[in-house]
Amino acid sequence: MGRKVTLATCSLNQWALDFDGNLERILKSIEIAKAHGAKYRLGPELEICGYGCADHFYESDTLLHSFQVLRKLLESPVTQDIICDVGMPIMHHNVRYNCRVLFLNRKILLIRPKMLMANYGVYRELRWFSPWKQLRQVEEYFLPRMIQEVTGQDTVPFGDCVLSTKDTCIGTESCQELWHSRSPHIQMGLDGVEIFTNASASHHVLRKADQRVNLIKSATTKSGGIYLYANQRGCDGDRVYYDGCAMVAINGDIVALGAEFSLNDVEVITATLDLEDVRSYRGEICQPNMDIEPKPCHRVKVDFSLSNGDDIYLPTHQPITLHFHSPEEEISLGPACWLWDYLRRSGQAGFLLPLSGGVDSSSTACIVHSMCVLLCQAIEDGNSQVLEDVRRVVGDDSYRPEHPRELCGHIFTTCYMASENSSEDTCSRAKGLANQIGSTHMNINIDLAVKGILGIFSVVTGRWPQFRANGGSHRENLALQNVQARVRMVLAYLFAQLSLWARGKPGGLLVLGSANVDESLTGYFTKYDCSSADINPIGGISKTDLKSFLLYCVEQFQLTALRGILSAPPTAELEPLTDGQVSQTDEADMGMTYSELSVIGRLRKISKCGPFSMFCKLIHTWRDALSPAEVAQKVKHFFRMYSVNRHKMTTVTPSYHAESYSPDDNRFDPRPFLYNTRWTWQFRCIDSQVSQMADNTPKQ
C-alpha cells in the first residue's frame, strides 16, 4: 500500500572537536539504522564537531573540519539509499549558523539553520551563532569546492524549508525550538507536514526527563504527526552530561524510547509507523483548524520514498509504558556515566578520593562504585568498546573484570586523612565503606605536615596560633582549620601523582572532590582544600538529595556501612574534640539547616529573588516555624555568607551540573565576586517590612 515508514533516531556520545571519533559514531549509527530498514536517519545537534566546542566555533578550522567530515559522509557507501540528517556549523553571508544538513545519495537536499536559540542556563548559543529570522524564506547557499566535487552541485537551498518526499513531508526543529512558545512544528503541522524531527543537545538535570517527554507528546497531540527526537549522550568535555533518551512519538503517544543513561556510545532507535494514522487523526481532531491558512512552507522536493509499495505485512510500533528514574537512580547513573567519560578520555589511570567518613565524600565514593557496576554490566552485555577502554585505563590488555568490587580496587583509591581533631568514628566509617566498595584504601596522618607549616610561621613571627577552645581568637581558630584543610589538598594531589608509581604501576589518578551544591552556595568550605580537585560529581546536588541517594545505595548495592554515615551529624572535624567526641557540626557553623539552604538556593536562582523578595516569599513558606523577624535574620545571614564567600566560586572545581539552582560561576550563574556585604539598602527594606508587620499584629 505504500504508507508505512521506518524512521531512525539516535543518541551519540560525541566529543567536542573529536572529528575522527564523531565521524565513526555517525557512520555506525547510519549503518545500524539501515540494518533496521530505516529510510531516514536523524542525529544529534552539531554532531559532526560536537555541541560543546564553545569559543572554538569562532575558529575557521572548526568550520573547515566539519565540511571535511561532511565530505567523508557523502562519499561513504554506508550513507547511500537513506536520507541522512546531520548537524554542523555553517557560515552563510559571513554569518555563522547552527545547521541541519539533509543529504541523500551524494546530493545535499537542503540546509536548515536553527531559528530559535538556546540562550539561558548553561546555554550561550547567541555568543557563537545567529538565528535565522527569515520565516518561510530560502536562499541559495554556495557549497565549498570540496563538497561540489562530490555532489556536482554549486548551490543548495538554505533557510526555513521542509523536505517533500514522494509519500510524505518532513519538517525540522532543533533542540530549543521544541521548548519555545513559537515552536515551528505548529505552523508546519497546519501546512501538512507529517513528520517532525528534533536534533538536540539537551543535558541532564534532576527531575527533568518527564518535561521533555511531555513536550514531545504535546507537540503531536495538538495537531497530530510523527515526532523524532535525537540527543547527544555523555560528557563532551564540559560540566554537563547529555542524557540521550532518543524517542519517537505519533499522535501524542511515545512508541519508541532509548536509554536515558548508558555507556553505549551509539544507540539507534527505530520505529515503523503508518502515515494514514496521522492523516486519520488530523481528519477528526484537527480538521476545524486546518482551514487556517498559514504562510506555506517552502518545500524542497526529492524523488525518494520513505515507504515501500508492499508493506501490508509490516507491523507498526505501538504505544509503550514509560518509566522515569527516581532522583536517587538519576544520581546513581548520570554522574557515574559522566565520570567514566571523563576518565577514559583524560588518559588517566583512575580516581583518588579523600574519604572523610561523611555524607558528601561517601556519596562520591558510591557514584564511583556505581560506575564500576555499570562497566561490569556493559562488559557482560558484550560492549567491546567499554572493555577496550577499561583495559587501557588499568594498563592490561588481557584484563577482564569479574566483579565491580574487583574493578574498583584497580581504578579507585581512597584515603582517610586524619588529624589530632579526627575521631575514631569517622575513621572506622571511612574504612568500612572502602572495604565494602573494594577501593584501595590508605590511612594518612597529616599532623606532621600541619605542625611543620605552623612551625615555619612561628619561626618567622614568633607566635603560635591557638584554637578557640584553647583560648585563641576567631582569626586563629579559622586559620588553623584552613591549614589542615589545605594540607589535605596538597597531599591528595601528591598521592594522586605518585601512589601508582609507588605500587609499580603506570599512570596517575584524577582527584575527586565532594562539596555539595548547598555548601558551594554559602561558601562553607575552605578555598583550596579537598573541595579543590580535578572534578566533582556531586557539586550540583543538594545535601538532602545526597542523603536519599545513600539510603538508595544501602538497598541497591548492599552497602550497609552507609547506615552509620547517615546517622552521624555532618562535621568538618577541624576543631579540637571534646572528650574524644566531635564538637563541631556543619549546620551549627552555617547557622541554618541544609533543607533551609535548598529552599533559599532555589529562590535565589530559579525564582530570581534578591534579599527583599526572598524575605517576602519566606514569611509565607516558613510561617508555621518562624516569625517574620526570624525569617529576616535567616535571609540576612544567608546573603552575608553568600556575598562574603562568592569569590570561592571563581576557583571551584568543575562539577557535574545536576541542579537548576547551582551557583556555578562558569556560564550558569554569572555574578560579581566582590559585593558590599552589608546590603544596607536591601536589609533596610526587610527591617522596615518587619516593623510594619509587627505594628499591624493584633495585641493579645
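**Notebook: salt bridges and a surface patch**

Entry 1. I began in helix α2 (residues 60-75), where Glu75 and Arg71 are four residues apart and therefore separated by about one helical turn. I note here that I am working from a predicted model. I then checked how this pair interacts: Glu75 forms a salt bridge with Arg71, and the closest N and O atoms are 3.0 Å apart. I looked up the exposure of both residues. Glu75 has 31% relative accessibility and counts as partly exposed. Arg71, at 24% relative accessibility, also counts as partly exposed.

Entry 2. I searched the whole structure for salt bridges and got 35. Side chains of opposite charge can pair when their charged atoms come close. I picked further pairs to look at.

Entry 3. I looked at Glu194 and Arg279, whose side chains meet in a salt bridge with an N to O distance of 2.7 Å. I located Glu194 in the loop between α6 (184-190) and β10 (195-200), and Arg279 in helix α8 (residues 275-290), so this pair ties together parts that are 85 residues apart in sequence. Is Glu194 buried or exposed? I find Glu194 buried, since its relative accessible area is 9% and the cut-off for buried is under 20%. Its partner Arg279 counts as partly exposed at 32% relative accessibility.

Entry 4. I went on to Asp265 and Arg344, where the side chains meet in a salt bridge at 2.9 Å, N to O. Asp265 lies in the loop between β14 (253-257) and β15 (266-274), while Arg344 is in helix α9 (residues 327-346), so the parts that this pair ties together are 79 residues apart in sequence. I checked the exposure of each partner. Asp265 counts as buried at 13% relative accessibility, and Arg344 is buried with a relative accessible area of 10%. Which residues are joined into one network by salt bridges that share partners? I list Asp265, Asp341, Arg344, Asp389 and Arg392.

Entry 5. I turned to the surface and noted a nonpolar patch of about 350 Å², made by Ile456, Val459 and Val460. I placed Val460 in helix α14 (residues 447-461). Val460 is exposed because its relative accessible area is 66%, and the cut-off for exposed is over 50%.

Terms used. Residues numbered from 1 in each chain as written. Predicted model: local features only at pLDDT ≥ 70, side-chain atom pairs only at ≥ 80, totals over all residues. Heavy atoms only, no water. Patch = residues over 30% accessible without salt bridge, like charges linked within 9 Å, V, L, I, M, F, W, Y side chains within 5 Å. Areas by Shrake-Rupley, 256 points an atom, 1.4 Å probe, with all protein chains shown as cover. Salt bridge = Lys/Arg side-chain N within 4 Å of Asp/Glu carboxyl O. Helix = DSSP H or I, 4+ residues; strand = E, 2+ residues; numbered from the N terminus. Buried < 20%, exposed > 50% of the residue type's maximum accessible area, 1.4 Å probe, protein only.
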